[in-house]
Amino acid sequence: MSSSYGGTSAFDRLRARLDGRPHACEECGFVEEDGTWEAVTTGATVEYRRECPSCGTEHVRRYRL
Ligand SMILES: [Zn+2]
């Protein structure tokens, strides 16, 4: 039930939008050049989580699928 998405899906497009570009931490200002977001699907939405390697703050981006 988790394999209904093929190669290029909204899921992948959203990930591509986040991956591969620098992410500046909103808390400490640390800029991570090439970190990856951990994707968590929750049915109708997908959450991308990322932890700042400098201060440990967890950042979350949530999108509707
Ligand atoms: Zn930080």
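These are my notebook entries on a predicted model of a protein chain with a zinc ion.

**Entry 1. The chain as a whole**

I began with the secondary structure and found one helix and five strands. Read from the N terminus, the elements follow the order α-β-β-β-β-β. I then looked up burial: of the 65 residues in the protein chain, 23% are buried. For contacts with a separation of 6 or more, I noted that 32% join residues 24 or more positions apart.

**Entry 2. The zinc site**

Which protein atoms are the donors of the zinc ion? I found the SG atoms of Cys25, Cys28, Cys52 and Cys55, lying 2.3 Å from the zinc ion. Along the chain these donors keep the spacing C-x2-C-x23-C-x2-C. Cys25 and Cys52 link distant parts of the chain, being 27 residues apart. I placed Cys25 in the loop between β1 (23–24) and β2 (31–32), and Cys52 in the loop between β4 (45–51) and β5.

I next examined the geometry. The angles subtended by the four donor atoms run from 107 to 113°, so the arrangement is tetrahedral. For reference, I recorded that the ideal angle for four tetrahedral donors is 109.5 degrees.

Are Cys25 and Cys52 buried or exposed? Cys25 has 6% relative accessibility and therefore counts as buried. Cys52 is buried as well, its relative accessible area being 4%.

**Entry 3. His59**

I turned to His59, which lies in strand β5 (residues 58–64). Its relative accessible area is 4%, so His59 is buried. Leaving out residues up to four places away in sequence, I listed the residues that His59 touches: His23, Cys25, Glu26, Trp37, Tyr48, Arg49, Arg50 and Cys52. Two zinc donors, Cys25 and Cys52, are thus among the residues that His59 touches.

**Entry 4. The cavity**

How many cavities of 30 Å³ or more are there? I found one. The largest cavity holds about 30 Å³ of space. I noted the residues that line it: His23, Cys25, Phe30, Glu32, Arg50, Glu51, Cys52, Pro53 and His59. The lining divides into four nonpolar, two polar and three charged residues. The lining includes the zinc donors Cys25 and Cys52, and His59 from Entry 3 is also one of the lining residues.

**Entry 5. Phe30 and Glu32, from the cavity lining**

I looked up two further residues of the lining. Phe30 is in the loop between β1 and β2. With a relative accessible area of 35%, Phe30 is partly exposed. Beyond four places in sequence, Phe30 touches His23, Ala24, Cys25, Cys52, Pro53 and Ser54. Phe30 and Pro53 are 23 residues apart along the chain, and I noted 8.3 Å between their C-alpha atoms.

Glu32 is in strand β2. Setting aside neighbours within four places in sequence, I found Glu32 in contact with Arg21, Pro22, His23, Arg50, Glu51 and Pro53. Among these contacts, His23, Arg50, Glu51 and Pro53 also line the largest cavity. From Glu32 to Arg21 the separation is 11 residues in sequence and 8.6 Å in space, C-alpha to C-alpha.

**Entry 6. Thr57**

Where does Thr57 lie? I placed Thr57 in the loop between β4 and β5, the loop that also holds Cys52. Its relative accessible area of 24% makes Thr57 partly exposed. Not counting residues up to four places away in sequence, Thr57 touches Glu27, Arg50, Glu51 and Cys52. I also noted the pair Thr57 and Cys25, which are 32 residues apart in sequence and 8.0 Å apart in space, C-alpha to C-alpha.

**Entry 7. Closing note**

I recorded Cys25 and Cys52 as zinc donors, as residues that His59 touches and as part of the lining of the largest cavity.

Conventions:
Residues are numbered from 1 along each chain as its sequence is written. This is a predicted model: local features need pLDDT of at least 70, side-chain atom pairs count only at pLDDT 80 or more; totals for chains, interfaces and linings use all residues. Side-chain values use heavy atoms; hydrogens and water are left out. Helices (H or I, at least four residues) and strands (E, at least two) are DSSP runs, numbered from the N terminus. Buried means under 20% relative accessible area, exposed over 50%, partly exposed in between (1.4 Å probe, protein chains only). Contact means heavy atoms within 4.5 Å. Donors are N, O and S atoms within 2.8 Å of the metal (3.2 Å for Na, K and Ca); water is not among the atoms, so sites may look incomplete. Four donors count as tetrahedral if all angles lie between 85 and 135 degrees; four count as square planar and six as octahedral if opposite donors are over 155 degrees apart and all others between 65 and 115; anything else is irregular. On a 1 Å grid over the protein atoms alone, a cavity is a set of points where a 1.4 Å probe fits but cannot get out, and a pocket is an open set with protein on both sides within 12 Å along at least five of seven lines; lining residues have an atom within 4 Å of a point. Grid points are joined across faces, edges and corners, and a volume is the space filled by probe spheres set on the points. Ala, Val, Leu, Ile, Met, Phe, Trp, Tyr, Cys and Pro count as nonpolar, Asp, Glu, Lys and Arg as charged, and the others, Gly among them, as polar.
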